[in-house]
Structures are given as C-alpha cells and as structure tokens.
Amino acid sequence: MSTTAEQLDHTPLKKGQYGTKHKSGGLTPSQVAEIDPGWIVWAWENWIPKPCSELLYRECRREVDEDQRQNKVARDQDE
C-alpha cells in the first residue's frame, strides 16, 4: 500500500454522516470501518474521490459479504 493510501485511511472524513458534521468532528475511514464497514463499502462505490484505500474497501467488502452470508444461512434455517 502506498503512503498516500495509508494517509487517506487515517485522515478525518470531510463529508458524509461520519465527516465533520459528526459529533466527533470527523472520523477516519479506519475508525468507521470498525463500527460500520457497510458505510465504507457504500462510500467507496458512490464517492469520487474515493474516501479510503482500496485495501480498506476490500477488507470491509469481505466483512459485509460474510455478514450477509451468515444472515442468509440463519434465515434459511428459520424457514
């Protein structure tokens, strides 16, 4: 990962629900990934410029996909 990408993951967001309007004054993408990886996935897929590194996006995408698989299995078992 390049230095620029690493810096992006640790730079407070300037827009969005976790940006400067957030009570914290702006979370970093790394902080958001810990509490809301789905938001990172959404922002990466919808924002220009990208809010974080591709590596962080891929980690969040894997986590979201795994959660969705687990939820589907749980729903299938309930039926």
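Select Glu-45 and Arg-61 first: the two side chains form a salt bridge, with the closest N and O atoms 2.9 Å apart. The term denotes a side-chain nitrogen of Lys or Arg within 4 Å of a carboxyl oxygen of Asp or Glu. This is a predicted model, in which local features need pLDDT of at least 70, side-chain atom pairs count only at pLDDT 80 or more, and totals for chains, interfaces and linings use all residues. Residues are numbered from 1 along each chain as its sequence is written, and side-chain values use heavy atoms, with hydrogens and water left out.

Colour the helices next. Glu-45 belongs to helix α3 (residues 37-46) and Arg-61 to helix α4 (residues 54-78), so their contact ties together parts that are 16 residues apart in sequence. Helices here are DSSP runs (H or I, at least four residues), numbered from the N terminus. Glu-45 is partly exposed at 44% relative accessibility, and Arg-61 is partly exposed with a relative accessible area of 22%. For these labels, buried means under 20% relative accessible area, exposed over 50%, and partly exposed in between, with a 1.4 Å probe and protein chains only.

A search of the whole structure finds 4 salt bridges. To see another, select Glu-54 and Arg-58, where the closest N and O atoms are 2.5 Å apart. Both residues lie in helix α4, 4 residues apart, about one turn of the helix. Glu-54 is partly exposed, with a relative accessible area of 40%, and Arg-58 is likewise partly exposed, at 46%.

Continue along helix α4 to Glu-66 and Arg-69, whose side chains meet in a salt bridge of 3.2 Å, N to O. These two residues are 3 residues apart in the helix, a separation of about one helical turn. Arg-69 is partly exposed at 48% relative accessibility, and Glu-66 is partly exposed with a relative accessible area of 33%. Now add Asp-65 to the selection of Glu-45 and Arg-61: salt bridges that share partners join these three residues into one network.

Turn then to the aromatic side chains. The structure holds 5 aromatic pairs. Among them is the pair of Tyr-18 and Trp-39, which is edge-to-face, at 5.2 Å centre to centre and 85 degrees between the planes. Rings of Phe, Tyr and Trp (its six-membered ring) pair if their centres lie within 6.5 Å; planes under 30 degrees apart count as stacked, over 60 as edge-to-face and the rest as tilted. Tyr-18 lies in the loop between α1 (3-9) and α2 (29-35) and Trp-39 in helix α3, so this pair ties together parts that are 21 residues apart in sequence. Both Tyr-18 and Trp-39 are buried.

Select Trp-42 and Trp-47 next. Their ring centres are 6.4 Å apart and their planes stand at 80 degrees, so this pair is edge-to-face. Trp-42 is partly exposed, with a relative accessible area of 44%, whereas Trp-47 counts as buried at 10%. Display Tyr-18, Trp-39, Trp-42 and Trp-47 together, and one aromatic cluster appears.

Which residue lies over the face of Trp-47? Add Lys-15, which is placed there at 4.5 Å from the ring centre. A charge sits over a ring if NZ of Lys or CZ of Arg is within 6 Å of the ring centre and within 35 degrees of the ring normal. For the last stop, select Lys-50 and Trp-44: Lys-50 lies over the face of Trp-44, at 5.1 Å from the ring centre.
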